[in-house]
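Here is a short tour for you to follow with the structure open beside the text. Let's take a loop residue as the starting point and then move on to the sheet and the helix.

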Amino acid sequence: MNTVLTIVAKIEAKPEAVDLVKTELIKLIQPTRAEQGCITYDLHQDNQSPEIFLFFEKWESRELWQAHMNNDHLKAYMEAVDGAVANFTLNEMSEVLESV
């Protein structure tokens, strides 16, 4: 059974806050990658719409991802970008494996 959790998080910064949001998102990368259960934690920025960021994450389990969501560096990010994010979407996903 595949227990790996995939997270796709889309963050849309307000146009005047793109640099702030990007700086704060980058600060999340290293501490998150060091967390227990983090397999992949990659940040992307849209080439045509620079206010759109996407995190592609893989976690060993939903429980370990939930622990990440309660970490201090994520709380600091939320405080730093308060009012700077126009939209946020998060999807918890499972990889579709082909049958053999």
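## Pro50 and its surroundings

In this predicted model, Pro50 sits in the loop that lies between E2 and E3. Is the residue buried or exposed? Neither quite fits: Pro50 is partly exposed, because its relative accessible area is 40%, which falls between the 20% limit for buried and the 50% limit for exposed.

Leaving aside residues up to four places away in sequence, Pro50 touches Val18 and Gln45. Lys22 is worth a look too: 28 residues separate Lys22 from Pro50 in sequence, and their C-alpha atoms are 9.5 Å apart in space.

## The sheet

Now to the strands themselves. Four of them make up an open sheet with antiparallel pairing, and the order to trace is E2-E3-E1-E4. At the edges you will find strand E2 (38-45) and strand E4 (85-93), each of which pairs on one side only. From one strand to the next, the twist averages 10°.

Which strand pairs with E1 over eight bridges? Strand E3 (residues 52-59) does, running antiparallel to strand E1 (residues 5-13). To pick out one bridge, start from Leu5, whose partner in E3 is Trp59.

## The helix on the sheet

Helix H2 (residues 62-69) packs on this sheet, and its contacts take in E1, E2, E3 and E4. If you compare directions, helix H2 makes an angle of about 135° with E3.

How values were computed. Residues numbered from 1 in each chain as written. Predicted model: local features only at pLDDT ≥ 70, side-chain atom pairs only at ≥ 80, totals over all residues. Heavy atoms only, no water. Pairing = 2+ DSSP bridges. Helix = DSSP H or I, 4+ residues; strand = E, 2+ residues; numbered from the N terminus. Axes fitted to C-alpha atoms, helices over the stretch in contact; angles between N-to-C directions. Contact = heavy atoms within 4.5 Å. Buried < 20%, exposed > 50% of the residue type's maximum accessible area, 1.4 Å probe, protein only.
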